[in-house]
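I opened the notebook to record how some helices pack, how charges pair, and how far the model can be trusted. The entries follow the order in which I looked things up.

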Amino acid sequence: MLQIDSGRYSTITLDFPHVQLSVWYYWSMARRLWLYLVGRAIGGLGASMMLLALGVWAKQITGSNTLAGLCTAAVIAPRFLGICIGEILDRVPRKHALLFADLGTSVALLLLWFIQSTDSYWPLLVFGLVYGSLGVLTFTASPGALKAIATAKETPHAVSVLQAINGIVVLVGPVAGAVVLAAWGPRFLIIVTGLLFAFAALLLLPIRIPQDDSSGVPGRWAGLKLLWSDRHLRIALTVMVSSYGVIGLVDGSLYALVDVLGMAPHFTGVVLASQGFGMIFGSLLAPRIIGQFGALRSLILGLMCVGAAVFAIVLSLVFVLLALVCVAAAGISLGIVFTSFGVLVQERVSQSVMGRAQAALQAAQTAPSLGLMVLGAVLVAYMDIRVLYLVAASALLGIGLWGWCRSANRT
């Protein structure tokens, strides 16, 4: 039976024995929403291109791995400061904040234009700090803008598309940035990324993003208090912070995984691509699962599937192709986790504290991820990677089981 529903979210349903396949036409979403999503995708592409290229550029100039690493650290460091300025960000209209971030990055790129010689390392470091700070502004303003322009019915699909776009950007951006830098040099990279940020700002101009009138909720910690006082958000925050640390532990041992597979170091790109493609598919699949189980339980189910996939990776290490399939399965599960979390935040965090909540989330997620990523990189020198992955898988399943029990407990 073929059934076509012409409602706002048009659906084609193919009903065969034991099989039902539903496909949403995402392009049925409003024009304003697509302009916003495409603009964020273009800005994200520019950001992703510059992030890896910045470290590569520093390495070319100085020949130092340490200084190249400091450039990346300079981009990440401002994420911890966002929680201190979240209240200010909540008072700034979302559209103005996003325009300032995009155009400010384009202007900041001019600083890099003047790097000519091997002793001109400092502008890269300064740009990294400015670039990271503007990235915090984008991160905290974007969810509030999406909440303002998307209806409750559009939100799950909009978040899933945004997560899928982010997955594509993560796959394409770093490689594109490195290729442009190697083939045409840093000045061409500056031009390309500067134009991408400017175009992202241009697409934002015709969109009306209303500002919540209740944006005067006082308190630097209002967002964190909301995250902790709301039962669903408290469970999700605990689960996400704990699992980010465990996932960081696995990410830190990525090169050891490639060694166990008997492949060259550059095979790391294939492993990351497998995970990335899985995340894109999982992000698009998530709205269907969220509609069935709700955002919180979809997040927890996805996390337990990540744990199961990590177990499967351990069992499949003797077969490279099978291991890549398991990595892709982990990516699909992560896509469901991140989309479900994004939808849950959209549903339960008010406009008035969205910036403070996002800043608190970013700081809470970044710290354990970075710390345990370093720990994972150290542990692989003393521990069999299979043992490390089994510990990580058990931890993820344990965290998911705790979250499931808590979500079922109404007291």
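**Entry: α4 and α7.** I looked up the handedness first and found that α4 passes α7 in a left-handed crossing. This is a predicted model, and I read the entries below with that in mind. Helix α4 covers residues 94-113 and helix α7 covers residues 186-204. Their axes come within 9 Å of each other and cross at roughly 165°. Angles over 145 degrees count as roughly antiparallel, so α4 is roughly antiparallel to α7.

Next I listed the residues that touch. On the α4 side I noted K95, L98, L99, D102, L103, T105, S106, L109, L112 and W113. On the α7 side they meet R187, I190, I191, T193, G194, F197, A198, A200, A201 and L204. Sorted by class, this contact has 13 nonpolar, four polar and three charged residues.

**Entry: α6 and α13.** I then turned to helix α6 (residues 155-184) and helix α13 (residues 320-348). Their axes come within 9 Å and cross at roughly 135°. I checked that angle against the cut-offs: it is neither over 145 degrees nor in the 65 to 115 range, and therefore α6 and α13 are oblique to each other. The crossing of α6 past α13 is right-handed.

From α6 I wrote down T155, P156, V159, S160 and Q163, which meet F338, T339, G342, V343 and Q346 in α13. By class I have four nonpolar, six polar and no charged residues in this contact.

**Entry: salt bridges.** Side chains of opposite charge can pair when their charged atoms come close. How many salt bridges does a search of the whole structure find? I got two. I followed up the one that R40 forms with D102, where the closest N and O atoms are 2.7 Å apart. R40 sits in helix α1 (residues 31-62) and D102 in helix α4, so to speak distant parts of the chain, 62 residues apart, linked by this pair. I had already met D102 among the α4 residues in the contact with α7.

**Entry: confidence.** Last, I looked up the pLDDT values. The protein chain averages 77, and 75% of the residues score at least 70. Where is confidence lowest, and where is it highest? I found the lowest in strand β3 (residues 19-24), with a mean of 37, and the highest in helix α12 (residues 295-315), at 93. Over residues 1-28 the pLDDT stays under 50. For that stretch the model has 49 contacts beyond four places in sequence.

Definitions and conventions: Residues numbered from 1 in each chain as written. Predicted model: local features only at pLDDT ≥ 70, side-chain atom pairs only at ≥ 80, totals over all residues. Heavy atoms only, no water. Axes fitted to C-alpha atoms, helices over the stretch in contact; angles between N-to-C directions. Helix = DSSP H or I, 4+ residues; strand = E, 2+ residues; numbered from the N terminus. Parallel < 35°, antiparallel > 145°, perpendicular 65-115°, else oblique. Left-handed = near helix turned anticlockwise from the far one by under 90°. Contact = heavy atoms within 4.5 Å. Nonpolar A, V, L, I, M, F, W, Y, C, P; charged D, E, K, R; others polar. pLDDT = per-residue confidence, 0-100. Salt bridge = Lys/Arg side-chain N within 4 Å of Asp/Glu carboxyl O.
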